[in-house]
Every structure is written in C-alpha cells, then in structure tokens.
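Look at the sequence and the structure together before reading on. The paragraphs below go through the fold step by step.

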Amino acid sequence: MSIKRCFKATARATAAKRRNKSLETKFSRGRRCQRRHYHSSTKIAEAGSIGHGTEPLVVPSPAFRLRLSQPADAAPLLALFHDTIRRVNCRDYTPEQIAAWKSGILPEVWAAKLANRWCVVAVDDADQPLGFADLEADGHLDRFYTHADHQRRGIGRALLQRVIEQAAAWQLPRVFSEVSITARPFFLSQSFRIITDQLVFSRGAAFLNYRMERLVP
Ligand SMILES: CC(C)(COP(=O)(O)OP(=O)(O)OC[C@H]1O[C@@H](n2cnc3c(N)ncnc32)[C@H](O)[C@@H]1OP(=O)(O)O)[C@@H](O)C(=O)NCCC(=O)NCCS
C-alpha cells in the first residue's frame with residue numbers, strides 16, 4: 001500500500017473509531033438499546049420495579065443446554081441474529097451500520113450455510129434458541145450471538161467452551177474471529193488476543209471490528 005493510501009486508511013480508521021466511541025457514549029444512554037444490567041447468573045431487577053420494598057428482587061436465570069443445530073433452527077436463529085444486532089449491537093454501531101449488518105441475508109442462503117457448518121446452539125427447556133456459535137473447518141468462528149434477553153448469563157462462555165472443544169477435536173491450532181466492538185470485552189475475558197483492529201466495508205457501511213484469536217490447547 002502506498003504511503004498516501006495508508007495514511008488515508010489510517011485517517012478513516014481513526015475517524016470511525018472516534019465516531020464509534022462517541023456513538024458508544026450516546027447509545028449507552030439511549031433507551032431503545034439494551035442496557036448492561038445483568039449479573040452473570042442472575043437477573044437483578046431494580047429495587048421497587050418488580051419486588052416490594054427496597055430490596056432488589058433476584059430472579060433465577062432460566063436453565064439452558066447445548067446441542068448441535070438442526071435444519072429447523074434456521075428461521076429462529078436468523079430471527080435471534082437480527083434481534084441481537086438490533087437490540088444489543090446498537091450500543092456500539094450507528095443505525096445505518098445496524099441496518100446494513102442485518103440487510104441482504106436471504107433465508108435460504110442462511111439455511112444452507114447452517115446445514116453445511118458445525119454450529120452449536122444453546123436452548124431453553126422448551127428447545128427455544130438462546131444463543132448460537134458456528135465454527136468453520138479452518139478455525140474461523142463466524143457467527144456468535146446470545147439472545148438479547150439472555151445476555152451475561154454464561155451462555156456465551158458455555159458456547160465458546162464447546163467451540164474450543166470442537167477445535168481441539170479437529171486438532172486446530174487456533175480459533176479466530178472478526179469481533180464486534182460489542183463482543184470485544186467478552187472475547188478478551190475468554191483469553192482471546194487482538195491481532196489488529198480493522199475497518200470492514202460491507203453492504204455500503206464501514207464497520208470497525210477486531211481480528212482476534214485464541215490458541216487451542
Ligand atoms: C458476545 C456475546 C455473544 C457474549 O455472550 P454472553 O452470553 O452475554 O456472555 P457471558 O454471559 O457468557 O459472559 C461471560 C463473561 O464475559 C465477560 N463479558 C461479557 N459481556 C461483557 C461486556 N459487555 N462487558 C464486559 N465483560 C463482558 C464477562 O467477564 C462475563 O462474565 P460475568 O458476566 O460473570 O462478568 C454477547 O454479548 C452478544 O450476543 N453480543 C452481540 C453480538 C455480537 O457482537 N456477537 C459477536 C459477533 S463477532
């Protein structure tokens with residue numbers, strides 16, 4: 001890359017970071033995006049909002065189990081994907097970026113991808129998806145989403161553990177991903193390291209994300 005182009009790319013990345021940073025502040029105050037108020041294994045309702053008196057009400061989180069995906073999961077997982085981007089990733093990306101992220105996914109293409117990939121799904125007692133992760137044969141962790149209503153309850157950690165087990169079974173040296181701003185703290189907490197940050201242009205929008213990896217034991 002020429003110095004001029006490199007300078008332009010760096011300037012674009014810096015501007016996007018600044019924009020995303022100011023958006024992070026803006027959206028963390030917003031009402032339409034989900035706030036970060038969950039504890040890992042319990043949901044603590046604000047005092048007085050559900051319970052009586054001034055003590056917070058502690059609601060046990062629903063149990064979940066992991067299983068491999070089935071063809072019938074395609075539609076619910078696509079709905080979960082859209083919903084999580086709309087309600088969770090909106091903390092860190094602009095409405096234009098969110099719209100671009102969600103757009104252009106054909107249900108039949110999504111279903112075909114699911115059928116051809118190793119994908120683990122977290123489900124509740126009624127077999128409803130609460131999260132999912134898919135892994136490609138080269139160790140690329142492509143899609144990784146927890147339901148917007150079930151964030152910070154250990155689902156992501158359990159999914160990732162299963163992904164790492166699968167990567168070990170395939171004798172892969174590492175698992176790697178392009179991680180959103182939103183998911184970066186999760187991946188850092190799970191022993192991933194940042195290789196680089198990058199601006200990705202997709203469907204008419206530029207996205208700041210992070211190439212991250214974790215070695216497989
Ligand atoms: C990333 C994601 C899948 C994590 O799933 P999750 O089920 O909420 O994660 P867990 O509850 O297992 O979190 C495990 C630990 O990760 C860390 N963590 C998770 N989210 C965090 C956050 N927003 N900030 C700081 N730490 C976080 C915490 O250490 C947490 O443990 P704790 O709750 O006991 O403190 C989820 O946040 C998500 O769906 N994000 C939006 C979609 C997305 O961007 N996906 C990635 C595409 S690359």
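At what angle do the axes of α2 and helix α4 cross? This is a predicted model, and in it the two axes come within 10 Å and cross at roughly 110 degrees. Angles from 65 to 115 degrees count as roughly perpendicular, and α2 and α4 are therefore roughly perpendicular to each other. The residues that meet are Ala-74, Ala-75, Leu-77 and Leu-78 on the α2 side, with Pro-107, Trp-110, Ala-111 and Leu-114 on the α4 side. These two helices belong to a protein chain that has six helices and nine strands.

Now turn to the strands. Four of them form an open sheet, in the order β3-β4-β5-β6, with antiparallel pairing. Why do β3 and β6 each have one side without a neighbour in the sheet? Both stand at the edges, β3 as residues 65-68 and β6 as residues 141-146, and each has a single partner strand, so one side is left free of a neighbour in the sheet. From one strand to the next, the twist averages 20 degrees.

The pairing can be followed down to single residues. Strand β5, residues 129-135, pairs with β6 over four bridges in the antiparallel sense. At one position, Ala-133 has Phe-144 in β6 as its bridge partner. Helix α2, residues 74-87, packs on the sheet and touches β5 and β6. The direction of α2 makes about 75 degrees with that of β6. Another helix, α5 (residues 155-169), lies across β3, β4, β5 and β6, and runs at about 30 degrees to β5.

What fills the space between such elements? In general, nonpolar side chains in soluble globular proteins tend to be buried together. In this model, the largest nonpolar core has 28 residues. Val-120, Ala-122, Phe-132, Ala-133, Leu-159 and Val-163 are the residues with the most contacts inside this core. Two or more core residues come from each of α2, β4, β5, β6, α5, β7 and β9. Helix α5 gives the largest share, six residues. Apart from this core lies another, of six residues, including Val-88, Tyr-93, Phe-207 and Leu-208.

Ala-133 shows how the parts come together. Leaving aside neighbours within four places in sequence, Ala-133 is in contact with Cys-119, Val-120, Leu-141, Arg-143, Phe-144, Leu-159, Leu-160 and Val-163.

A second residue to look at is Val-179, in strand β7. Is Val-179 buried or exposed? Val-179 has 22 C-beta neighbours inside 10 Å, and so counts as buried. Not counting residues up to four places away in sequence, Val-179 touches Arg-184, Phe-187, Asn-209, Tyr-210 and Met-212. Its C-alpha atom is 9.4 Å from that of Leu-141, although Val-179 and Leu-141 are 38 residues apart along the chain.

For the whole protein chain, buried residues make up 25% of the 217 residues. Among contacts with a separation of 6 or more, 64% join residues 24 or more positions apart.

It remains to ask how confident the prediction is. The mean pLDDT of the protein chain is 81, and 71% of the residues reach 70 or more. Over residues 1-17 the pLDDT is below 50, and this stretch has seven contacts beyond near neighbours in sequence. Residues 36-56 also have pLDDT below 50, with 33 such contacts in the model. Where pLDDT is low, the predicted coordinates should not be read in detail.

How values were computed. Residues are numbered from 1 along each chain as its sequence is written. This is a predicted model: local features need pLDDT of at least 70, side-chain atom pairs count only at pLDDT 80 or more; totals for chains, interfaces and linings use all residues. Two strands pair if DSSP finds at least two bridges between them. Axes are lines fitted to C-alpha atoms, for helices over the stretch in contact, and angles run from 0 to 180 degrees between N-to-C directions. Two residues are in contact if their C-beta atoms, placed from the backbone, lie within 7 Å. A residue is buried if 20 or more other C-beta atoms lie within 10 Å of its own, exposed if 12 or fewer, and partly exposed in between; C-beta atoms are placed from the backbone. A nonpolar core is a set of buried Ala, Val, Leu, Ile, Met, Phe, Trp, Tyr and Cys residues joined through C-beta atoms within 7 Å. pLDDT is the predictor's confidence in each residue, from 0 to 100. Angles under 35 degrees count as roughly parallel, over 145 as roughly antiparallel, 65 to 115 as roughly perpendicular and the rest as oblique.
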